[in-house]
Structure formats: structure tokens, C-alpha cells
Amino acid sequence: MLKAIYPGSFDPITNGHVDIIKRASAMVDVLVVGVCGNPNKHSLLTPDERVELIKEVTKEIDNVQVMRVEGMMGEFAVEIGAKLIVRGVRDINDFTNEFQRAIINKQLTGDVETIFLAASPENITLSSSSVKEILAFNGKLDMFVPAVVEAKLREKTGREG
Ligand code: ADP
């Protein structure tokens, strides 16, 4: 059984993440979406809120599980028996960072490989940070995040569209 982990902050999950989840889950038996608490990033949603939203958005994909990642992601991948780490790449900046992380994770885990999926063209400029910026200016979000995510963001911040 081939299990993969797609780790990230998902603060919040965007259409770009959903696209990667759909494509990666079609390649493996089980895809675990791992919600990491990144100490270097100020987060809008709590880890539990992020987990709940991802569960809701992926509920129709049978082989997707959503978990919080406690501690180091590489160690977590080994613990849950994941053989692959999936990452999405939008541009050369992502690639530079992801390439370094992939090498470090390989050194830390031994045999867990990282695979990269190129972002779909409509998502290459989309990020969780841009969604938060648009939200702060009361902008429209419906083309960037699933409806349930937009509703949660507006409820949490009181920002209207
Ligand atoms: P992290 O803090 O780990 O970078 P993110 O939630 O920002 O977490 O992203 C998780 C993963 O999804 C990363 O591999 C990132 O490059 C990828 N990703 C982010 N936005 C998109 C997008 N619009 N299209 C494809 N992949 C994306």
C-alpha cells in the first residue's frame, strides 16, 4: 500500500492546494494531508480549524485523510508509514525552497522521497497569504478558495466581500 503525505500550513486551504490534493490522491492508495504549525508564520486559523476545513473540502475523496503534524514533518512521515512527501511548486522560488527541503528530509528520513507537482496554470499566483491580504481589504474570494473556507474566514474576521 502506497501512502503519501502532503504537508503544509494550509492557512487557509486554497483552490491551489485542493488541485494538488486531487491530483496526488489519484496516484497513491492513501494521501494524508498533514497540517503543520509553522513557528515562523503568524497564522489566522488554528490548526484544528484548518483540519476541519480540509476535511470538509476533501470529504468526497475516499482515500484522503487529514491529520495534524506534531513535531518534525519528516519524523511524522516515517511514523505514519508514508513513503512519499508531496509538494506543490508554483515557480522557481518555490522550487529553490522545496529542493532544499527535499534533500534535508531525505537525509533525515532515509528512504522517504519527495515528489513535486507543478501548480496548475490557473493557480500559479495563488497563495494563502494573498487570500489573507484580499480578505483584509474586503475583496472577493470566491475564485480562490472553496465556499466553506470563504465563509469561515469571513465569520472569523468579520470581513465582508
Ligand atoms: P508551507 O508553509 O509548508 O509552504 P503552504 O500551505 O503554503 O505550506 O503550502 C503547502 C504546499 O502547497 C507547498 O508545497 C506549496 O508550495 C504548495 N502550494 C501552495 N499554494 C499552491 C498553489 N496555488 N498551487 C499549487 N501548490 C501550492
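Is Glu150 buried or exposed? Glu150 is buried, at 17% relative accessibility. Keep that residue in mind. Before we go on, one caution: this is a predicted model.

Let's stay with Glu150. It forms a salt bridge with Arg154, and the closest N and O atoms are 2.9 Å apart. Both residues sit in helix α6. They are four residues apart, about one turn of the helix. And Arg154? Arg154 counts as buried too, because its relative accessibility is 14%, and the cut-off for buried is under 20%.

Now the wider count. The whole structure has 15 salt bridges. Side chains of opposite charge can pair when their charged atoms come close.

Here is another pair. Asp111 bridges to Lys83, with the closest N and O atoms 3.8 Å apart. Asp111 lies in the loop between α4 and β5, while Lys83 lies in the loop between α3 and β4, so this pair ties together parts that are 28 residues apart in sequence. Asp111 is partly exposed, at 46%. Lys83 is also partly exposed, at 42%.

A third pair is Asp142 with Lys140. Their closest N and O atoms are 3.8 Å apart. Asp142 is partly exposed, at 48% relative accessibility. Lys140 is exposed, at 55%.

There is a network as well. Salt bridges link Glu49, Lys152, Glu155 and Lys156.

Next, the strands. How many of the six residues of strand β1 are buried? Six of the six. The strand covers residues 3-8, and it is largely enclosed by the rest of the structure. Look at its two faces. On one side are Lys3, Ile5 and Pro7. On the other are Ala4, Tyr6 and Gly8. Both faces are covered.

What does β1 pair with? Six bridges join β1 to strand β2, residues 30-36. The two strands run parallel. To find the pairing on screen, look for Pro7, which stands opposite Gly34 in β2.

Follow the chain into the loop between β1 and α1. Phe10 is there, and so is Pro12. This loop has some backbone features to point out. Most residues other than glycine have a negative phi, and most peptide bonds are trans. Phe10 has a positive phi, near 50 degrees. Phe10 is also buried, at 3% relative accessibility. Then comes the peptide bond from Asp11 to Pro12, which is cis, with omega near 5 degrees.

On to helix α5, residues 128-136. Ser128, Val131 and Leu135 are buried in this helix. They cover an arc of only 60 degrees around the axis, which puts them on the same side of α5. What covers the buried residues of α5? The cover includes α1 and α6.

Just after α5 we reach Asn138. It lies in the loop between α5 and α6. Asn138 is not a glycine, yet it has a positive phi of about 55 degrees. Asn138 is partly exposed, at 36%.

Now helix α4. Start on its buried side of the story, with Asn105, which lies in this helix. Asn105 has a relative accessible area of 12%, so it counts as buried. Leaving aside residues up to four places away in sequence, Asn105 touches Met73, Gly74, Ile85 and Gly110.

Then there is the surface. Which residues make the nonpolar patch of about 460 Å²? Ile92, Phe95, Phe99, Ile103 and Phe116 make it. Helix α4, residues 92-109, gives the most, with four residues. Phe116 is in strand β5, residues 113-118. Phe116 is partly exposed, with a relative accessible area of 30%.

Last stop: the segment after α6, where we find Gly158. Gly158 is exposed, at 57% relative accessibility. Its C-alpha atom is separated from that of Val64 by 31 Å. Along the chain, Gly158 and Val64 are 94 residues apart.

To recap, look at three things. Find strand β1, with its six buried residues. Find the patch that includes Phe95 and Phe99. And find Glu150 with its partner Arg154.

Key: Residues numbered from 1 in each chain as written. Predicted model: local features only at pLDDT ≥ 70, side-chain atom pairs only at ≥ 80, totals over all residues. Heavy atoms only, no water. Patch = residues over 30% accessible without salt bridge, like charges linked within 9 Å, V, L, I, M, F, W, Y side chains within 5 Å. Areas by Shrake-Rupley, 256 points an atom, 1.4 Å probe, with all protein chains shown as cover. Salt bridge = Lys/Arg side-chain N within 4 Å of Asp/Glu carboxyl O. Buried < 20%, exposed > 50% of the residue type's maximum accessible area, 1.4 Å probe, protein only. Arc of directions from axis to C-beta. Contact = heavy atoms within 4.5 Å. Pairing = 2+ DSSP bridges.
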